[in-house]
Amino acid sequence: MKTPIGLFDSGDGGLTIFDKVHALMPEYDYLYLGDNARAPYGSRSFEIVYEFTLQAVKRLFDMGCPLVIIACNTASAKALRTIQQNDLPNIDVSRRVLGVIRPTVEVIGKITKTNHVGVVATQGTILSHSYSLEIKKLWPDIIVTGQACPLWVPLIENNEYNTAGADYFVKKYLDQLLNKDPLIDTLILGCTHYPLLIDKIRAYLPETINVIPQGNYVADSLKDYLHRHPEMEVRCSKHGEVEFLTSESEDKFSEAANIFLGKQEGIHAQRIIWE
């Protein structure tokens with residue numbers, strides 16, 4: 001019986017997290033669910049993001065996942081804590097839901113030298129103040145400055161991220177961020193889409209600024225979590241199998257997945273319908 005590790009994202013961006021997790025721990029089974037039909041989540045209200053995220057978590061639980069990673073910053077910011085504290089006790093106290101914000105926050109204090117950290121993310125993640133709140137808990141001396149980048153995800157979703165038009169909007173938002181705080185030496189990519197823009201982001205930043213994509217930190221944190229929680233680790237099946245689910249067209253998801261994962265061969269997904 002397969003009991004895969006579940007990963008959920010509002011669409012395709014979480015594939016950048018899945019890619020690093022799978023590369024580090026290929027022996028496990030994985031079930032990835034992208035809610036592409038209702039993406040993007042970045043501009044939606046807290047209530048709607050929570051509702052959609054809980055629905056997805058329950059679907060992954062129903063499909064056998066003992067552990068679900070919310071591989072989406074917006075959903076992690078707007079829904080994770082409520083699901084952990086209010087819903088899990090009523091659903092199944094033995095299951096777990098983890099996010100992508102905390103693993104990044106845990107390492108950031110060891111990277112910055114100036115104690116000035118920038119966060120680029122969707123409007124929803126920035127307005128939630130999730131990064132600044134979590135960073136203050138662990139690293140109270142760090143000053144956090146956020147910048148919403150509302151056009152970055154559409155550029156990526158429409159496969160326009162390698163164009164000159166993308167350069168304009170990458171530079172625009174980075175300039176706005178650095179105008180707020182010129183002392184930033186570390187930049188968190190607080191959206192799982194943004195690693196596809198990392199070359200352009202680095203091109204418009206001083207070389208002294210470290211750019212931090214999340215995938216490797218989330219993967220390392222998950223591996224450490226399973227090591228520290230053997231009771232959960234033994235529940236996760238290990239056949240090295242991966243399945244992809246989408247609430248949109250299978251072909252549309254597969255086309256995007258090939259871009260996000262850099263695969264030449266086809267990525268096949270199964271469509272789900274929300275009840």
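Start by selecting helix H4 and colouring Gln85 and Asn90: both are exposed, on the side of H4 away from its buried residues. Keep in mind as you click around that this is a predicted model.

Now flip to the other side of H4. Pick Leu80, Ile83, Asp87 and Leu88, the buried residues of this helix. They sit on the same side of H4 because they cover an arc of only 105° around the axis. What is lying over them? Show helix H2 (46-62), strand E3 (67-70), helix H3 (73-78) and strand E4 (96-98), which are among the elements covering those buried residues.

While H4 is still selected, put a distance between the C-alpha atoms at its two ends, residues 80 and 91. The helix spans only 14 Å, whereas a straight helix of 12 residues would span 16 Å at 1.5 Å a residue.

Next stop, the sheet. Select E6, E5, E7 and E8, in that order: these 4 strands form an open sheet with parallel pairing. Which strands stand at the edges? Strand E6 (143-148) and strand E8 (210-212) do; each has a single partner strand, so one side of each is left without a neighbour in the sheet. Look along the sheet and you can follow its turn: on average, neighbouring strands are at 20° to each other, direction ignored.

Zoom in on E5 (residues 116-121) and E7 (residues 186-189), which pair in the parallel sense over 4 bridges. For a landmark, label Gly118, which stands opposite Leu187 in E7.

Then bring in the helices that pack here. Helix H5 (residues 101-108) lies across E5, E7 and E8, and runs at about 170° to E7. Add helix H7 (residues 130-138), which packs on the sheet and touches E5, E6 and E7; its direction makes about 165° with that of E6.

Last, the cysteines. How many disulfides does a search of the whole structure find? The count is 0. Select Cys149 and you can check this for yourself: the nearest cysteine sulfur belongs to Cys191 and is 8.9 Å away, and Cys149 is in no disulfide. Cys149 counts as buried, with 2% relative accessibility.

Finish at Cys236. Why does this cysteine have no bond to Cys65? The sulfur of Cys65 is the closest cysteine sulfur, but at 8.8 Å it is too far for a bond. Is Cys236 buried or exposed? At 1% relative accessibility, Cys236 counts as buried.

Definitions and conventions: Residues numbered from 1 in each chain as written. Predicted model: local features only at pLDDT ≥ 70, side-chain atom pairs only at ≥ 80, totals over all residues. Heavy atoms only, no water. Pairing = 2+ DSSP bridges. Axes fitted to C-alpha atoms, helices over the stretch in contact; angles between N-to-C directions. Contact = heavy atoms within 4.5 Å. Expected span 1.5 Å × (residues − 1). Buried < 20%, exposed > 50% of the residue type's maximum accessible area, 1.4 Å probe, protein only. Arc of directions from axis to C-beta. Disulfide = S-S within 2.5 Å.
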